[in-house]
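Ready for a few short exercises on charged side chains? Open the model and work through the steps alongside the solutions.

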Amino acid sequence: MRTRTTTATAAAALTAVALLLTACGGGSDSDDSGKDEIAGADTGASASASPSPSVSEDGVDRPEIKLPKDIENVFEGGATGDAKKDAVLADNERRVNSIDEAIVVDAEKHPALEFYSKDDALMSAATYIKSFYDNNRSFTGKTRYYDREVTFAKDGSATVTYCMDSTDTYPKDRKTGKVDRSVKASPNDYVFYNTRLEKNAEGVWQTTSVSSTEAAERCM
């Protein structure tokens with residue numbers, strides 16, 4: 001039940017990237033205490049932290065990702081037993097969390113967004129995120145990610161496909177903090193993603209392109 005946006009022009013996407021990597025699009029004049037708590041997540045205040053998985057196990061200096069208490073992302077499937085595939089899935093998970101952090105946390109910067117996304121994937125993520133700010137919206141609730149699969153190409157890149165179920169999320173007014181629980185679940189809440197990732201020099205699997213299909217029967 002998240003608000004989505006259609007594909008934007010290249011100019012609009014570049015503008016969105018610039019805005020999100022330099023400053024938050026949300027205002028700071030809200031009287032809502034819940035929003036203040038979320039904003040504090042970036043500064044280590046009282047909001048609960050949901051750090052990126054395995055932040056230091058691989059020796060990569062990663063930006064910390066913190067999500068507020070009312071956001072729960074459930075990634076099903078667990079470890080595959082293949083260390084390379086598990087590394088790809090972990091960075092895919094971090095990318096998803098980095099996008100949600102940029103939507104719900106009114107921080108001055110969102111370093112994790114650029115850390116885990118680049119090229120077309122960065123532009124599409126920034127445009128998607130900016131659409132929430134433009135409409136004074138956020139969201140709350142649980143999102144489920146499942147049927148995650150990794151395949152590798154001869155050029156060294158990886159493909160991750162997965163389903164998203166957002167039927168347990170609800171729109172939230174960014175200024176007042178009011179949650180609209182009257183919104184009903186719909187087939188559009190089931191989305192299939194096909195993503196391409198490349199491993200950079202630091203050992204991070206960055207997502208470079210994303211395609212999605214809403215109301216995906218394979219995810220229902």
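Below are three exercises on salt bridges, each with a worked solution.

This is a predicted model, in which local features need pLDDT of at least 70 and side-chain atom pairs count only at pLDDT 80 or more, while totals for chains, interfaces and linings use all residues. Residues are numbered from 1 along each chain as its sequence is written, and side-chain values use heavy atoms, with hydrogens and water left out.

**Exercise 1.** Find which parts K172 and D70 tie together.

Step 1. K172 and D70 form a salt bridge at 3.1 Å, N to O (a side-chain nitrogen of Lys or Arg within 4 Å of a carboxyl oxygen of Asp or Glu).
Step 2. K172 sits in strand β3 (residues 158-173) and D70 in the loop between α2 (33-39) and β1 (71-75), so the bridge links parts 102 residues apart in sequence. Helices (H or I, at least four residues) and strands (E, at least two) are DSSP runs, numbered from the N terminus.

**Exercise 2.** Decide whether D91 and R94 are buried or exposed.

Step 1. Buried means under 20% relative accessible area, exposed over 50%, and partly exposed in between (1.4 Å probe, protein chains only).
Step 2. D91 has 1% and is buried; R94, at 2%, is buried too.
Step 3. Their side chains meet in a salt bridge of 2.6 Å, N to O, and both residues lie in helix α3 (residues 83-104), three residues apart.

**Exercise 3.** Place K130 and D134 in their helix.

Step 1. Both belong to α5 (residues 119-134), four residues apart, about one turn.
Step 2. K130 is partly exposed at 23%, whereas D134 is exposed at 51%.
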